[in-house]
Amino acid sequence: MTRDAVLHDLKGRFREDILDFFDKSPKRVYIEVKPDALVPAATYIFKDLGARFHIASGLDARTHLEILYHFSIETMNLLISLRVKLDRKNPRVDSLANVIKGANWIEREINELLGIDFPGHPDLHRLLLSREWPKGVFPLRRDYQEWDKKAIRDRGV
Amino acid sequence: MQKSVISIGPFHPLQEEPEHFLLTVEGETVVDVDVEIGYNHRGIEKLSERRNFDQATFVIERICGICSTSHPVAYTRAVEDIIPVVVPERAQYIRTIIAEGERIHSHLLWYGLAGHFLGYNTVYMWMWRLREEILDVMEILSGNRNNYAMFKPGGVRRDINADDIPVALKKIDSIIPTIDRLKKAILDDPVLHARLKGIGILSKEEAINYCALGPTSRASGVDRDVRKNAPYEAYDKVDWDMIVTDSGDVWGKAVVRLLEIYESIKIMKTCLQQIPSGEIDLKLKSIPPGEGIGAHEAPRGETFHYVRSDGTNRPVRHKVRAPSFMNLPTCKATVPGSTISDAAIILASIDPCYCCTERMAVRSPEGDRIYTGKDLIRMSREKTAKIKREMGIP
């Protein structure tokens, strides 16, 4: 399949679910999908198109939270980024870890750093932050308060 | 049989970096493994968001002492992808030369550590001795043994002197016979065959599902290399081969790394001979709003950076994905079923990223005196004799 055929196929297959389609350059495509359609779209790209999952990158865009799932089809040097925008109040999107084992750790990381819930994840506990880190404090959120100097001193750091 | 849990780490003499392995064993056999990381979490992604685009290069160069090239290459490529621009050809060659030098010394470092994990310290001594020679080449070219600080968005920070190129080429040629000798010694060594063959097998399906990268995937028959799949810098202007084997065991990973050293030497030499003249920097003034992705094949696999800009002089979001992040979870597939003694080398076979910052300083003759190797041996003997005298040993 050529690059155009792949993109045309994706557009047709997920016509209802694609919210935005940005063809940035010959090597980069950004596709925004509805959060509900993430798992079927990612599964199709990973399993059927034989793409490689690079990583997901979460981000706080002030009005909403978003996650980009980066896939690349190596034979045609094309990087497809699936974008989902999530509500700040109750950010949740279905887990990919059961389809792609490589997505397990990054979902744990996004969960603790950005506070996004991944229903269906097999084992969603902390990856990087220590056990003493307070619950409900997410360092990569924009409203995150800088380190409390007193708290650091009291812990003897 | 009753199960018991062996905890290795987070601080353990065999580990150069803190990480915590929990091996569940039945007798001598490992039935499950769990990894806990986060002891080295420094919040660099957050730190990078408070620096401007030029300063962030220095912060991420210090993510790792070994991969001090791969993160800046991926980051600068991500920033250039926002605009998008292509850097001048001479800068591309300089980036390739430095990146390949790093691959050679990193693979030699892994060989040394692998020998150490097997209790085979001769390999460790050989390899780290040889690694010094490569570090000297890097010092000739960049001025630094590590943390080369050669990169900036839009090009490279410093040029390579024309006078240094023949010196570096001569030095590289002089170490090839040593590597040849070591290659024969390793490939013919019955001890290494016995210890490495058939253990820790990662199947091709598992390698794809775990999204394994670099030598870990290439040893399992997955022909995955960013330098070939998505050529960048000077990699498509040079003739070289991707090394792939399909055995999937630790031996396969060792062979891939060994043969990659030769490919890297080939790339480095060709680039040094062919390097074109011209500009080395685009002198970027500002970064427009947008998002960019940069990837670079580091010694351990693909390093992946995602940068978003809002038009100010700082990144709004900078995501760093190191190759070990994807390779480490494969231990769930490779370690169960092996014996405890093999677990250490299987866990080490993916080359989890170690930090090495050791550096010997030689100061100018006006300052302190310089000690040669002979002086150091003489001083060591004198010290030994002194201790013996004090302890009353004849």
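Helices here are DSSP runs of H or I with at least four residues, and strands are runs of E with at least two. Counted that way, chain A of this predicted model has 4 helices and 5 strands. Along the sequence they come in the order α-β-β-α-β-β-β-α-α. The C-alpha atoms of chain A fit a box of roughly 60 × 30 × 25 Å along the principal axes. Of the 157 residues in chain A, 52% are buried. As for how the chain folds back on itself, take the contacts in chain A between residues at least 6 apart in sequence: 50% of them join residues at least 24 apart.

Helix H3 of chain A (residues 104-114) is a good place to start, being mostly covered, with 10 of its 11 residues buried. The buried set runs through A:Trp105, A:Ile106, A:Glu107, A:Arg108, A:Glu109, A:Ile110, A:Asn111, A:Glu112, A:Leu113 and A:Leu114. Both chains do the covering: E3 and E4 of chain A are included, along with E3, H1, strand E8 (315-321) and helix H12 (323-327) of chain B. Just past the helix, A:Gly115 has a positive phi of about 75 degrees.

Chain B has a helix to set beside it. Helix H14 of chain B (residues 340-349) is largely enclosed by the rest of the structure, because 7 of its 10 residues are buried. Those residues are B:Asp342, B:Ala343, B:Ile345, B:Ile346, B:Leu347, B:Ala348 and B:Ser349. Their cover includes strands E2 (20-26) and E3 (29-36) of chain B, plus H4, helix H7 (190-196), helix H11 (250-274) and helix H13 (331-334) of chain B. After H14(B) comes B:Asp351, with a positive phi near 60 degrees.

Next, the pockets. The second largest pocket has a volume of about 640 Å³. Its lining takes in 33 residues, and the closest to the pocket centre are A:Lys27, A:Arg28, B:Arg77, B:Pro231 and B:Tyr232. Elements that each give at least two lining residues are strands E3 (52-60), E4 (65-73) and E5 (78-86) of chain A, and, in chain B, helices H3 (70-82), H4 (89-117) and H10 (226-229) and strand E6 (290-298). By residue type, the lining splits into 14 nonpolar, 7 polar and 12 charged.

Aromatic rings make 10 pairs over all chains. One of them is B:Phe11 with B:Tyr39, an edge-to-face pair at 6.5 Å centre to centre with 65 degrees between the planes. This pair ties together distant parts of the chain, 28 residues apart: B:Phe11 is in the loop between strand E1 (3-8) and E2 of chain B, and B:Tyr39 is in the loop between E3 and helix H1 (44-48) of chain B. B:Phe11 counts as exposed because its relative accessibility is 67%, while B:Tyr39, at 34%, counts as partly exposed. Another pair, B:Tyr232 with B:Tyr235, has ring centres 5.2 Å apart and planes at 70 degrees, so this one is edge-to-face too. Both B:Tyr232 and B:Tyr235 are buried.

B:Tyr232, B:Tyr235 and B:Trp240 make up one aromatic cluster, and B:Tyr232 also turns up among the residues closest to the centre of the second largest pocket. A charge joins in as well: B:Lys228 lies over the face of B:Trp240, 4.2 Å from the ring centre. Chain A has a comparable arrangement, with the charged end of A:Lys11 sitting over the ring of A:Phe21 at 4.4 Å from its centre.

Note on methods. Residues numbered from 1 in each chain as written. Chains lettered and ligands numbered in written order. Predicted model: local features only at pLDDT ≥ 70, side-chain atom pairs only at ≥ 80, totals over all residues. Heavy atoms only, no water. 1 Å grid on protein atoms, 1.4 Å probe; cavity = no way out; pocket = protein on both sides within 12 Å on 5 of 7 lines; lining within 4 Å. Points joined across faces, edges and corners; volume = space filled by probe spheres on them. Nonpolar A, V, L, I, M, F, W, Y, C, P; charged D, E, K, R; others polar. Buried < 20%, exposed > 50% of the residue type's maximum accessible area, 1.4 Å probe, protein only. Contact = heavy atoms within 4.5 Å. Phe/Tyr/Trp six-rings, centres within 6.5 Å; stacked < 30°, edge-to-face > 60°. Lys NZ or Arg CZ within 6 Å of the ring centre and 35° of its normal.
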